[in-house]
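Here is a short report on internal cavities and helix packing. Keep the structure in view while reading.

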Amino acid sequence: MVGLKPSEVPPTTAVKCLGAGTAACFADLLTFPLDTAKVRLQIQGENPAAESVQYRGVLGTILTMVRTEGPRSPYNGLVAGLHRQMSFASIRIGLYDSVKQFYTPKGADNSNIAIRILAGCTTGAMAVTCAQPTDVVKVRFQASVRLGPGSHRKYSGTMDAYRTIAREEGFRGLWKGTWPNITRNAIVNCAEMVTYDIIKEKLLDSRLLTDNFPCHFVSAFGAGFCATVVASPVDVVKTRYMNSPPGQYRSPLDCMLKLVVHEGPTAFYKGFTPSFLRLGSWNVMMFVTYEQLKRALMKVQMLRESPF
């Protein structure tokens with residue numbers, strides 16, 4: 001990231017990957033109910049099991065889930081979510097600087113906007129390729145509805161979900177929705193990483209803020225808003241397609257067309273409020289934690305390498 005003082009030792013790639021994964025898991029722990037509410041709002045209107053339950057707004061969705069499914073329901077899929085973040089964020093965030101430097105021509109002082117966008121797309125696509133099964137399982141858990149004590153969930157646990165999906169839908173079932181997810185996360189990663197990078201750089205260059213919490217907060221909040229605006233349509237299609245039973249949609253494009261025909265173009269922004277609340281708060285918590293973890297891990301590494 002930009003803004004490191006000359007006297008500071010730049011964090012290694014390993015430190016960035018470990019710090020990004022850990023910070024993302026911490027942010028997920030605090031914001032996961034918002035993500036679950038977003039998924040429920042996005043699939044509302046297509047899930048037959050949920051026809052008797054209507055969700056209205058972020059808080060209303062969470063309260064309805066707690067009332068009808070129990071207090072643990074907003075955290076359905078948390079284990080898979082943590083699996084996802086540890087592998088996904090480590091790649092898309094931890095490798096961003098390295099990939100950006102790789103694309104930057106030798107002798108150039110700074111990376112231009114095109115190089116930053118290319119780096120964001122690259123690490124976003126790489127991350128999805130590695131972490132797609134964890135995302136499929138997370139969405140399935142978040143979308144599953146259990147009404148009353150007599151009903152049962154399809155999956156007894158996270159590992160059972162991996163096994164069941166592979167057994168019933170084949171190996172490809174764990175990679176369902178890879179292309180819309182690559183599209184979605186390339187967009188999100190560009191919006192998040194490039195926006196954060198540029199805002200932080202401008203704040204530091206103009207000396208409006210120093211490289212500390214206020215600077216990280218403002219940059220992360222802007223990144224979260226930008227990511228939500230550009231990624232919501234793809235996110236809705238991705239969620240619908242990954243949660244659909246076999247045969248419901250022929251392809252992500254078919255899912256998108258049916259969504260427009262049956263529910264109108266505004267359906268692309270279903271769950272926008274929880275998406276923004278979640279992405280905005282997630283980005284703030286993740287980037288602030290990430291910046292502090294990088295410094296802490298580098299201090300530990302320097303102490304271990306010091307002869308004294």
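## Cavities and the helices around them

By class, the lining of the second largest cavity has three nonpolar, three polar and five charged residues. The model behind this count is predicted.

That second largest cavity has a volume of about 70 Å³. Its lining residues are D35, K38, R184, A227, T228, A231, S232, D235, S275, R278 and L279. At least two of these residues come from each of α1, α8 (213-243) and α10. The biggest share belongs to α8, which gives five residues.

How many cavities of 30 Å³ or more are there? The count is two. The largest cavity has a volume of about 130 Å³. It is lined by 16 residues, and the closest to its centre are R84, Q85, R184, N185 and R278. Five elements each give two or more residues to this lining: α1 (13-43), α3 (78-92), α5 (113-143), α7 (178-205) and α10 (272-305). Ten of the lining residues are charged, four are nonpolar and two are polar.

Some residues appear in both settings. R184 and R278 are among those closest to the centre of the largest cavity. R184 and R278 also line the second largest cavity.

The packing of three helix pairs comes next. The table gives the axis distance and crossing angle for each.

| Helix pair | Axis distance | Crossing angle |
|---|---|---|
| α1 and α3 | within 7 Å | roughly 150° |
| α3 and α7 | 12 Å | about 60° |
| α1 and α5 | within 9 Å | roughly 75° |

Start with α1 and α3. Their axes cross at roughly 150°. The two helices are therefore roughly antiparallel to each other. The crossing of α1 past α3 is right-handed. On the α1 side, the contact uses C17, L18, A20, G21, T22, A24, C25, D28, L29 and F32. On the α3 side, it uses L78, G81, L82, Q85, M86, A89 and S90. By class, the contact of α1 with α3 has eleven nonpolar residues, five polar and one charged. Q85 of α3 belongs to this contact, and Q85 is also one of the residues closest to the centre of the largest cavity.

Now take α3 and α7. How do these two helices lie relative to each other? They pack at about 60°, and are therefore oblique to each other. Their crossing is right-handed. R84, F88 and R92 of α3 meet R184, N185, N189, E192 and M193 of α7. The residues of this contact divide into four charged, two polar and two nonpolar. R84, R184 and N185 take part here, and these three are also among the residues closest to the centre of the largest cavity.

The last pair is α1 and α5. Their axes cross at roughly 75°. That makes α1 roughly perpendicular to α5. The contact joins F32, D35, T36, V39, R40 and I43 of α1 to K138, V139, Q142 and A143 of α5. It divides into five nonpolar, two polar and three charged residues.

Two α1 residues link these parts of the picture. F32 meets α3, and F32 also takes part in the contact with α5. D35 belongs to the contact with α5, and D35 lines the second largest cavity as well.

Conventions. Residues are numbered from 1 along each chain as its sequence is written. This is a predicted model: local features need pLDDT of at least 70, side-chain atom pairs count only at pLDDT 80 or more; totals for chains, interfaces and linings use all residues. Side-chain values use heavy atoms; hydrogens and water are left out. On a 1 Å grid over the protein atoms alone, a cavity is a set of points where a 1.4 Å probe fits but cannot get out, and a pocket is an open set with protein on both sides within 12 Å along at least five of seven lines; lining residues have an atom within 4 Å of a point. Grid points are joined across faces, edges and corners, and a volume is the space filled by probe spheres set on the points. Helices (H or I, at least four residues) and strands (E, at least two) are DSSP runs, numbered from the N terminus. Ala, Val, Leu, Ile, Met, Phe, Trp, Tyr, Cys and Pro count as nonpolar, Asp, Glu, Lys and Arg as charged, and the others, Gly among them, as polar. Axes are lines fitted to C-alpha atoms, for helices over the stretch in contact, and angles run from 0 to 180 degrees between N-to-C directions. Angles under 35 degrees count as roughly parallel, over 145 as roughly antiparallel, 65 to 115 as roughly perpendicular and the rest as oblique. A crossing is left-handed if the near helix is turned anticlockwise from the far one by less than a right angle, and right-handed if clockwise. Contact means heavy atoms within 4.5 Å.
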